[in-house]
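This report looks at aromatic side chains and where they sit. The sequence and structure come first.

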Amino acid sequence: MTDHDLGGPVLRFVSALNQSDLAGLMATFADDAFVNDNRREFWGRAAIEAFSARELIGPHVTMEPTKIVDHHGSIFVRGKFDGDYPKDNLPDPLYLDLYFTVDHDKIVTLFVINNKTSN
């Protein structure tokens, strides 16, 4: 496990997210990518695009990466999130963990998890 500078499709994902750029965000994903956000599954480009438009781009979600780790080729990014989404029952500030798998310069899997830190 090594600290890592954000690069490649993960960097482009964060940049597109922060600019509310749906086309740019979608360009980071493989056609058959899989996203799991809060135990909800989105398989393939059409499902990921609909989810992203509704829950990321529409409410102008932004992410400030606070930790980046490369673990045997999988990229872990912890980020501080903000945006115009309902914040009831969410911690303030909201930190989420994103687990990316990349293949051929495209994101093939992304898991978004609201982890609890262990001591």
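At 31% relative accessibility, Tyr 99 counts as partly exposed, because that class runs from 20% to 50%. The model is a predicted one. Tyr 99 belongs to strand β6, residues 94–103. On the surface, Tyr 99 joins Phe 111 and Ile 113 in a nonpolar patch. Together the three residues have about 220 Å² of accessible area.

**Helix α1**

Helix α1 covers residues 8–18. Its buried residues are Pro 9, Val 10, Phe 13, Val 14, Ala 16 and Leu 17. Viewed down the axis of α1, they fall within an arc of 165°, so they line one face of the helix. The general rule is simple: an α-helix has 3.6 residues a turn, so residues three or four places apart point the same way. After α1 comes Ser 20, with a positive phi near 50°.

**Aromatic pairs**

How many aromatic pairs are there? The count is six. One of them joins Phe 13 and Phe 100 edge-to-face, with 5.3 Å centre to centre and 75° between the planes. Phe 13 lies in helix α1 and Phe 100 in strand β6, so this pair ties together parts that are 87 residues apart in sequence. Both rings are in buried residues: Phe 13 has a relative accessible area of 3%, and Phe 100 has 1%.

Phe 34 and Phe 111 also form an edge-to-face pair. Here the centres are 5.6 Å apart and the planes 65° apart. This pair links distant parts of the chain, 77 residues apart. Phe 34 is in strand β2 (residues 29–37), and Phe 111 is in strand β7 (residues 106–113).

Buried or partly exposed: which is Phe 34, and which is Phe 111? Phe 34 is buried, because its relative accessibility of 9% is under 20%. Phe 111 is partly exposed at 32%. Phe 111 thus appears twice: in this pair and in the surface patch with Tyr 99 and Ile 113.

The accessibility values for these aromatic residues are listed here.

| Residue | Relative accessibility | Class |
|---|---|---|
| Phe 13 | 3% | buried |
| Phe 34 | 9% | buried |
| Tyr 99 | 31% | partly exposed |
| Phe 100 | 1% | buried |
| Phe 111 | 32% | partly exposed |

**Cluster and charge**

Phe 13 and Phe 100 share one aromatic cluster with Phe 29. Another aromatic ring has a charge over it. The ring is that of Tyr 85, and the charged end of Lys 87 sits over it, 5.2 Å from the ring centre.

Note on methods. Residues numbered from 1 in each chain as written. Predicted model: local features only at pLDDT ≥ 70, side-chain atom pairs only at ≥ 80, totals over all residues. Heavy atoms only, no water. Patch = residues over 30% accessible without salt bridge, like charges linked within 9 Å, V, L, I, M, F, W, Y side chains within 5 Å. Areas by Shrake-Rupley, 256 points an atom, 1.4 Å probe, with all protein chains shown as cover. Salt bridge = Lys/Arg side-chain N within 4 Å of Asp/Glu carboxyl O. Helix = DSSP H or I, 4+ residues; strand = E, 2+ residues; numbered from the N terminus. Buried < 20%, exposed > 50% of the residue type's maximum accessible area, 1.4 Å probe, protein only. Arc of directions from axis to C-beta. Phe/Tyr/Trp six-rings, centres within 6.5 Å; stacked < 30°, edge-to-face > 60°. Lys NZ or Arg CZ within 6 Å of the ring centre and 35° of its normal.
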